[in-house]
Amino acid sequence: MRVISGRGASAARLLPWTSTGGKPCYLVGSGTGYVSRMADRAEEIQLDMAYELLGHADGLLTEPGVTAPELHFLASRLSECLGQVHRIAENRGSRLEANEAVPPEPQSNSETSP
């Protein structure tokens, strides 16, 4: 999503959380403010939790006698983490695309004369 204001176009950042109604939340700005830092930290926590859950899943799946409710709980948590990681990847990919789409500003050469 791109937003055009009087100052030019900027990419709206998909935040790693949703509204109370489950709708996506976006942030428009320079990407250096308080909410951006909170979003970065939330993404870092989500990625760390997903990594830890993968380790737990490896251990649980090698244990004999794992019950169906344990597997169901694990699958539910893995599904949640996959959704979060997908959202983070989507967000970061769109931010990369937005940065690549911005043309470089022309440099003025003071040595050339008209």
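Among the contacts in the protein with a separation of 6 or more, 48% are accounted for by residues 24 or more positions apart. This figure, like the others below, was computed on a predicted model. The secondary structure amounts to two helices and three strands, and a walk along the sequence gives the pattern β-β-β-α-α. Of the 114 residues in the protein, 18% are buried. The accessible surface comes to about 8,800 Å², and carbon and sulfur atoms hold 58% of that area.

We turn next to the charged side chains. The salt-bridge count comes to five. One of these pairs R13 with E43, with 3.4 Å between the closest N and O atoms. Because R13 sits in strand β2 and E43 in helix α1, this pair ties together parts that are 30 residues apart in sequence. Both ends of the bridge are covered: R13 counts as buried at 6% relative accessibility, and E43 is likewise buried, its relative accessible area being 1%.

Two further bridges are found within single helices. In the first of them, the side chains of R41 and E44 meet at 3.0 Å, N to O. Both residues belong to helix α1 and are three residues apart, which corresponds to about one turn of the helix. Here the partners are partly exposed, R41 at 42% relative accessibility and E44 at 41%. Helix α2, which spans residues 68-101, holds both E80 and R77, again three residues apart and about one turn of the helix. Their side chains form a salt bridge with an N to O distance of 2.7 Å. E80 is partly exposed, with a relative accessible area of 44%, and R77 is also partly exposed, at 25%. Beyond such pairs, salt bridges that share partners link R13, D40, E43 and R92 into one network, so the buried R13 and E43 reappear as members of a wider charged group.

The surface also offers a nonpolar feature for the reader to locate in the model. W17, Y34, V35 and M38 make a nonpolar patch of about 380 Å². Helix α1, covering residues 34-62, gives the largest share of this patch, with three residues. W17, by contrast, lies in strand β2, which runs over residues 8-18. With a relative accessible area of 31%, W17 is partly exposed; the cut-off for patch membership is over 30%. Strand β2 and helix α1 thus come up twice in this account, once through the bridge between R13 and E43 and once through the nonpolar patch.

How values were computed:
Residues are numbered from 1 along each chain as its sequence is written. This is a predicted model: local features need pLDDT of at least 70, side-chain atom pairs count only at pLDDT 80 or more; totals for chains, interfaces and linings use all residues. Side-chain values use heavy atoms; hydrogens and water are left out. Patches are made of residues with over 30% relative accessible area and no salt bridge: like charges are joined within 9 Å, nonpolar side chains (Val, Leu, Ile, Met, Phe, Trp, Tyr) within 5 Å. Accessible areas come from the Shrake-Rupley method with a 1.4 Å probe; for residues, only the protein chains shown count as cover. A salt bridge is a side-chain nitrogen of Lys or Arg within 4 Å of a carboxyl oxygen of Asp or Glu. Helices (H or I, at least four residues) and strands (E, at least two) are DSSP runs, numbered from the N terminus. Buried means under 20% relative accessible area, exposed over 50%, partly exposed in between (1.4 Å probe, protein chains only). Contact means heavy atoms within 4.5 Å.
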